[in-house]
Amino acid sequence: MKRPIAAAAAIRLYALITRLYPAAFRERCGRDMLRTFEELAPRATAGRLAAELFDAIRCVRTSRRPDPATRQTRTTAAREHVLVAMAQDARYALRRLRTQPALVGFTILTLGFAIAASASLFSIVDAVLLRPSPFSEADRLVNAMSVTPRGGISPGLSAIKLKQWRNETSVFEAVEAYVATTALATGGPEPEEVRAAEISPGLLRTLGVAPRLGRLFHDDDAPAGQNQVVIVSEHYWRTRLGEASDVIGRAITLNGQPHTVLGVMPKRFHFPTLREELWLPLNPGAGRGSAFTLVRLREGLTIEAARARIAAITARLAAEQPTPGGWAIALDSHAFDGPDEKTRSAVLVLFGAVGLVLLVAGANVANLLLTRAIDRHREFSIRLMLGASRARLVRELLIEGLALGVAAGSLGLLAAHWSVGTLVRLAPDDLLLATTTDIGVDGRVIAFGFALSIATAVLCNLPPAFRTMRAPGRDAISGRTRTAATTPAQRRFRSALVMCEIALAVVLLVGAALMMRSFARLNAIDIGFNPDRVVVMTIGMDTERYGTEEARFALLRGIAADVRQLPGIEEVAIASGAPPAPGSLSFGAIETPAGPCGADETGIVSNLVSPSYFRVLGIAIPDGRPLRADDPPDAVVVSQSIARRCGVESLTGSRLRLGPNAAWLSVVGTAADVRTMGLTSDGGEMAIYLAWNAGTAPFPNFATMLPRRVAPRRVLFRAASPASHIDEIKRVIWRHDAGQPVLSAVPATELMADTIRRERFLLTLMTLFSSVALALASAGIFGVLAYAVAQRANEIGIRVALGASSAHVIRLVVGHGLAVASAGVAAGIAAALAFSRVLAGLLYEVEPRDPLVFVTMSLLVFGVALAASWIPTLRALKVDPATSLRVD
Amino acid sequence: MRRPADHEAMPAGDVPLTAIEFHVLLSISDGDRHGYAILQEVTERTGDQLRLRTGTLYTVIKRMLDRGWIAETDGTPDGSDERRRYYRLTPAGRLAVRAEARRLQDLVAVAHEKHVLGRRSKPAPERGR
């Protein structure tokens with residue numbers, strides 16, 4: 001049975017192989033050859049069959065060779081298979097590339113760098129912006145918000161509205177609710193506060209995601225055992241649960257209660273923000289005021305159509321069953337389509353910058369290859385005259401470009417593979433969390449890199465061919481050498497290329513300089529306190545066990561007293577907030593006995609602090625005094641911004657309240673403004689420092705934005721080397737209460753620096769890119785001038801012989817360089833003026849058209865152009881007039 | 001340059017033949033044969049010393065068809081399979097195989113004179129073979 005099968009397979013294979021033979025062969029012998037094999041195959045042994053197949057393959061080559069008995073090579077070669085000819089071309093092209101290792105090396109390095117940068121950034125762009133939403137049919141997912149009877153919009157729907165709208169299936173396929181929260185997880189090595197979301201049981205299903213392990217919530221999970229089951233993130237499962245495959249059904253302790261793990265979500269699943277680690281079932285009816293609402297529109301319903309139907313239903317409901325809150329809801333169209341605007345524009349700006357680098361590199365490579373093509377002009381002309389076809393020459397150039405592209409692409413992708421890790425380490429968190437896949441050099445990035453690299457190399461290698469194709473021969477064998485080898489048009493083209501490089505470099509430099517200036521501005525901001533040698537430890541206090549501010553204060557005071565005793569600790573303070581995390585932010589209208597300050601409500605940061613807080617952070621109190629331990633609960637220190645809002649420099653000694661119904665507070669001191677919300681965000685200056693025992697009474701409309709199971713409180717301390725005390729202090733805290741999570745312990749300087757991480761990331765990369773662009777552009781200037789000097793050596797020699805001074809010669813060369821540079825700078829400035837607007841959103845207190853930046857960068861480019869002209873000028877000066885006279 | 005047309009025989013005798021060319025020409029020198037028959041004949045005759053494979057055979061056949069040394073015969077004698085082709089020696093082919101045989105004969109004669117084929121004591125018996 002075996003034999004015929006093997007034979008049949010061999011025959012089929014043989015038939016395929018015969019197709020590889022030249023057409024002439026197949027016409028004449030193909031069928032008969034196959035027929036003979038068919039006759040032979042059933043009788044042959046397996047070894048014979050294999051030998052036959054190998055032989056047939058081997059003969060594909062033999063059959064293509066011209067008959068050794070004839071001496072005609074050229075015409076037979078023309079009839080050869082095109083692939084064979086191309087292989088020959090490739091060998092020829094590669095051999096020729098090998099003869100110019102410096103040029104080829106420089107080309108590959110230049111392109112390789114550009115490809116590495118492009119590919120690394122593409123890996124980020126791909127992961128952050130291009131990958132589709134992990135949610136199925138995300139365009140039908142929108143957030144629904146409540147519309148108040150007065151027309152205002154508030155996030156989330158009340159339980160009644162939720163229940164009502166869930167029935168309106170003509171508009172919605174699903175209506176789901178969620179609330180962000182936190183949970184206190186104990187039982188691990190350290191107690192910790194974990195970001196979580198309470199979600200209606202159907203929400204994950206509505207999103208269209210499947211768990212990695214276990215299952216999603218069922219409808220009966222919510223009412224039956226509220227908060228007794230949990231779904232965890234892949235990250236939590238990996239880092240906290242040891243990636244155990246049997247984790248399903250295991251119990252973890254959250255908020256002091258055992259919760260059964262039902263499922264593990266897939267990697268990089270995020271909802272509703274990027275940081276949730278746990279999902280708990282939400283029972284919308286269970287005493288909750290309102291919950292954020294996610295809806296899935298009916299299939300085929302546009303958001304406009306949905307809005308129209310909603311309006312009609314709202315009107316009907318208002319007539320049928322009026323309710324004081326009304327039934328109106330609004331749809332928010334841009335809820336789930338990717339990262340925030342700033343992240344998006346930062347990534348795009350960087351990608352644009354890398355595109356410019358690629359263009360500069362491309363121009364540089366084109367310039368180099370052009371030099372080479374000029375030298376090869378003679379060779380090509382002669383070959384054309386001897387009968388080589390134009391197609392063949394173009395093919396050679398294409399193959400050269402291809403080879404360069406593949407080499408540069410491989411180098412670049414290899415470099416990208418190594419550098420992506422560094423990039424990811426530098427990148428701001430919100431950028432990385434916004435990704436739905438891993439960032440790395442994957443198939444898509446490789447395809448992108450090679451496509452880019454090969455396209456660039458091939459395009460750069462082609463233009464030289466055109467001139468040769470147009471005017472073959474004329475001066476090829478005239479004996480004239482390099483002087484005649486370039487036409488004025490070609491020189492202009494090369495200068496134009498360099499001009500473009502300079503222009504692009506100027507654009508990049510301006511961008512980098514704007515960012516540098518913006519970054520300097522950010523670092524020069526008077527933050528109002530001294531973060532040096534201070535560590536901020538954030539402790540998450542269980543709001544159930546420590547229900548009142550007094551209880552929390554008692555514990556913290558005990559901890560602070562013990563920490564104060566530790567050797568090396570200079571000062572300790574406790575507070576509810578420390579920059580860049582404000583204590584709490586609330587909105588209110590400030591009033592003094594003289595009347596309200598300002599017409600509108602304003603955001604006010606309130607911070608419960610111990611008296612030493614001002615000393616630890618070095619916050620100046622220009623007028624009045626810090627809080628004292630024996631101050632009454634209504635004593636406060638306010639920031640100067642609050643005083644200014646009330647039209648005075650200091651409110652010390654005055655009284656103030658936040659809203660008409662609030663209690664009056666006595667101002668004992670007016671403190672310097674502090675950037676309580678980080679470097680970049682404004683609005684944290686309106687600060688009120690309250691004593692620990694003040695409670696929340698002064699704020700009538702005090703609302704906790706995030707219902708947290710854990711209230712963050714800070715322990716701040718100053719020491720010579722504060723970081724070395726962190727473990728010691730953690731032990732002190734756990735001695736007081738072993739269940740207290742220490743959420744973080746970070747030097748205050750780092751906390752502030754972290755608020756401008758995105759800016760630093762942008763600046764670092766922009767600086768790198770613009771430096772490379774500048775270096776490439778200067779290499780371009782150098783190349784063009786050096787070549788021009790070499791070409792014009794005769795002319796220069798004759799000029800010198802006729803009495804031109806060194807100054808003349810210098811003017812000739814440097815003048816050329818500066819002319820190119822001026823044109824490039826002018827074009828670059830024009831482009832930068834046009835493009836700098838895209839940077840506006842990323843700059844801090846720097847005008848995108850900052851004149852200083854434009855002027856300094858232009859000067860820098862001119863300086864570099866001058867420097868690049870130096871060596872060519874020296875060479876020009878060394879031209880010996882006698883030699884040039886003799887040559888011509 | 002001019003390419004020799006298919007019907008125009010290449011002058012035979014100028015070029016030494018390859019071993020396979022020679023065997024194939026010998027194989028059809030006493031009658032027309034089809035491809036499989038040539039393979040079998042060569043294998044049997046050489047006692048499996050020359051392992052002729054189909055691909056190689058047809059490369060050689062094609063080359064010699066182009067040179068005009070062999071020709072395909074019209075029609076199929078047994079009518080069994082119209083794809084099956086028989087090959088016949090052309091006059092040019094006969095010239096070529098004869099020239100090669102002579103060349104080899106001369107070579108063998110030289111070998112005998114130089115006693116390559118045996119010891120000095122018994123040179124004669126080999127010649128008669």
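Buried means under 20% relative accessible area, exposed means over 50%, and partly exposed lies in between. The model used in these exercises is predicted.

**Exercise 1. Classify His115(B) by its accessibility, then place it in chain B.**

Step 1. His115(B) has a relative accessibility of 38%.
Step 2. That value falls between the two cut-offs, so His115(B) counts as partly exposed.
Step 3. His115(B) sits in the loop between α4 (91-113) and α5 (124-127) of chain B.
Step 4. Look at the backbone too. Phi of His115(B) is positive, about 60 degrees, although the residue is not a glycine.

**Exercise 2. Describe Arg533(A): its loop, its phi and its accessibility.**

Step 1. Find the loop between α18 (488-524) and β13 (534-542) of chain A; Arg533(A) lies there.
Step 2. Its phi is near 60 degrees, a positive value in a residue other than glycine.
Step 3. The relative accessible area of Arg533(A) is 38%, so Arg533(A) is partly exposed.

**Exercise 3. Find the disulfide, give its handedness and say where its cysteines lie.**

Step 1. A disulfide is a covalent bond between the sulfur atoms of two cysteines.
Step 2. Over all chains, the structure holds 1 disulfide. Cys597(A) and Cys646(A) form it, with their sulfur atoms 2.0 Å apart.
Step 3. The pair links distant parts of the chain, 49 residues apart. Cys597(A) is in the loop between β17 (595-596) and β18 (602-609) of chain A. Cys646(A) is in the loop between α21 (640-645) and β21 (655-658) of chain A.
Step 4. The torsion about the S-S bond is about 100 degrees, so the disulfide is right-handed.
Step 5. Cys597(A) has 3% relative accessibility and counts as buried. Cys646(A), at 19%, is buried as well.

**Exercise 4. Sort Cys59(A) and Cys500(A) into buried or partly exposed.**

Step 1. Cys59(A) has 2% relative accessibility, so it counts as buried.
Step 2. Cys500(A) has 37%, so it counts as partly exposed.

**Exercise 5. Work out how α6(A) and α13(A) pack.**

Step 1. Helix α6 spans residues 101-130 of chain A, and helix α13 spans residues 390-426 of chain A.
Step 2. Their axes are 6 Å apart, at an angle of about 45 degrees. The two helices are therefore oblique to each other.
Step 3. The crossing of α6(A) past α13(A) is right-handed.
Step 4. Residues in the contact include Val104(A), Ile108(A) and Gly112(A) of α6(A), and Leu404(A), Ala408(A) and Gly412(A) of α13(A).
Step 5. The contact residues divide into 17 nonpolar, 7 polar and no charged.

Note on methods: Residues numbered from 1 in each chain as written. Chains lettered and ligands numbered in written order. Predicted model: local features only at pLDDT ≥ 70, side-chain atom pairs only at ≥ 80, totals over all residues. Heavy atoms only, no water. Axes fitted to C-alpha atoms, helices over the stretch in contact; angles between N-to-C directions. Helix = DSSP H or I, 4+ residues; strand = E, 2+ residues; numbered from the N terminus. Parallel < 35°, antiparallel > 145°, perpendicular 65-115°, else oblique. Left-handed = near helix turned anticlockwise from the far one by under 90°. Contact = heavy atoms within 4.5 Å. Nonpolar A, V, L, I, M, F, W, Y, C, P; charged D, E, K, R; others polar. Disulfide = S-S within 2.5 Å. Buried < 20%, exposed > 50% of the residue type's maximum accessible area, 1.4 Å probe, protein only.
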